[in-house]
Amino acid sequence: MVKVAVVGSIALDSIETMYGSRRDVLGGSATFISIASSYLAPTGVVGIIGTDFPTEGRTFFERLGVDTTGLETAEGATFRWVGRYHQDMIGRDTLATNLGVFENFRPQVPDVYRSAPYVVLGNIHPGLQLHFLDQIPRAQFVVADTMKLWIDSAAEELGQVIKRSHLFIVNDEEARQITGEVNLARAAQALLARGPSYVVIKRGEHGASLHHAHGCFYVPAVPLLEVKDPTGAGDSFLGGLIGFIARMDRLSDEVLRQALVVAGAMASFTVEDFSVGRLAVLEKTELLERCGQIRSMTGVGHIDI
Ligand code: AMP
């Protein structure tokens, strides 16, 4: 049974970083989310690919344990994104976006995903996120992500997405842009006031924070010595987060804190190689080891003065 139903983009990315470049490699929000989540819980993906998508692409998802019943193939070209990272490996420029078959995409939830308790609205147009969510009326926990493009161009529908999500995840810039608050603690409060019970703010190399009505929890990022390709860090963070929550199948404060650590660990592997290269060969023991590393960076004993 699929426990986590994911919708988002499936892309062929062309990426340039200071470590080199790759052309037409597997990318897209749904790709990183579903692969990361499926390490931890049965996960199904809904997305669209074109007839030019490499034949081994679909089997690649399946080999990593992702259910592909919801993967639609349409006549035409797969969505393509071309990006170049700045020297700081944080800033990036989108050089091209070719929608291809994505242009006419209307996500259809297969019957086998309809009873999934956990729903992830990966980064795509908020109108499509809502269309997907409408088809899973019994969803227990809805997590949603977005990007600058939709904050600029589809604010009203994005507002609906935020309202209907239980956990809304954004990066620091997006949190500021949506709320108009420069102070991130205030931005988190403003987002919580729009509906979700939880808000996660990703802060790149500074980690991430989880905010709710009664407080917040911070997790640092792993201080990696080499970041080859940051693409998909946020999406795999989200996949690790929801995968762990679904695996535990409860939403205690402790589970959420642990989920944030697993999410950070997952993201740290993603950036070690281009595309899904590192995620594809990730071992459970490595993931656990890195969770331990994050835990040891934050564990502080009692302080007495
Ligand atoms: P992230 O690095 O987590 O922001 O995610 C990067 C992924 O987002 C890439 O693999 C792209 O294919 C995908 N992407 C870029 N632009 C868009 C867009 N407009 N809609 C959906 N996905 C996109």
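The following paragraphs describe the two sheets, the helices that lie across one of them, and the surroundings of the ligand.

The model is predicted, so that local features need a pLDDT of at least 70 and side-chain atom pairs count only at pLDDT 80 or more, while totals for chains, interfaces and linings use all residues. Residues are numbered from 1 along each chain as its sequence is written, and side-chain values use heavy atoms, with hydrogens and water left out.

An open sheet of nine strands shows mixed pairing in the order 5-4-1-8-9-10-11-12-13; strands (E, at least two residues) and helices (H or I, at least four) are DSSP runs numbered from the N terminus, and two strands pair if DSSP finds at least two bridges between them. Strand 5 (66-74) and strand 13 (215-219) form the edges, each pairing on one side only, and the twist from one strand to the next averages 15 degrees. Within this sheet, strand 9 (residues 141-144) runs parallel to strand 10 (residues 167-171), the two being joined by two bridges, and Val143 stands opposite Leu167 in strand 10.

Helix 1 (residues 29-38) lies across strand 1 (4-7), strand 4 (43-50), strand 5 and strand 8 (118-121), at about 155 degrees to strand 4, where contact means heavy atoms within 4.5 Å. Helix 7 (residues 184-192) lies across strand 10, strand 11 (198-202) and strand 12 (208-212), and runs at about 145 degrees to strand 11; axes are lines fitted to C-alpha atoms, for helices over the stretch in contact, and angles run from 0 to 180 degrees between N-to-C directions.

A further open sheet, of four strands, has the order 3-2-6-7 and mixed pairing. Strand 3 (20-27) and strand 7 (92-98) each have a single partner strand, so one side of each is left without a neighbour in the sheet. Strand 2 and strand 3 pair in the antiparallel sense over six bridges, and Glu16 stands opposite Ser21 in strand 3.

Around the ligand there are 17 residues, of which Ser9, Asp13, Gly28, Gly232 and Asp235 come nearest, a residue being near if one of its heavy atoms lies within 4 Å. Strand 2 (11-17), strand 6 (79-85), helix 4 (148-153) and helix 8 (233-248) each supply at least two residues of this shell. A polar side-chain atom of Asp13 lies 2.5 Å from an oxygen atom of the ligand, an N or O atom in the side chain of Arg92 is 2.9 Å from a ligand oxygen atom, and a polar backbone atom of Gly232 is 2.8 Å from an oxygen atom of the ligand. The protein covers 91% of the 510 Å² of accessible area that the ligand has on its own, as computed by the Shrake-Rupley method with a 1.4 Å probe.

How values were computed: Polar contact = N/O pair within 3.5 Å; in protein donor to acceptor, adjacent residues only side chain to side chain.
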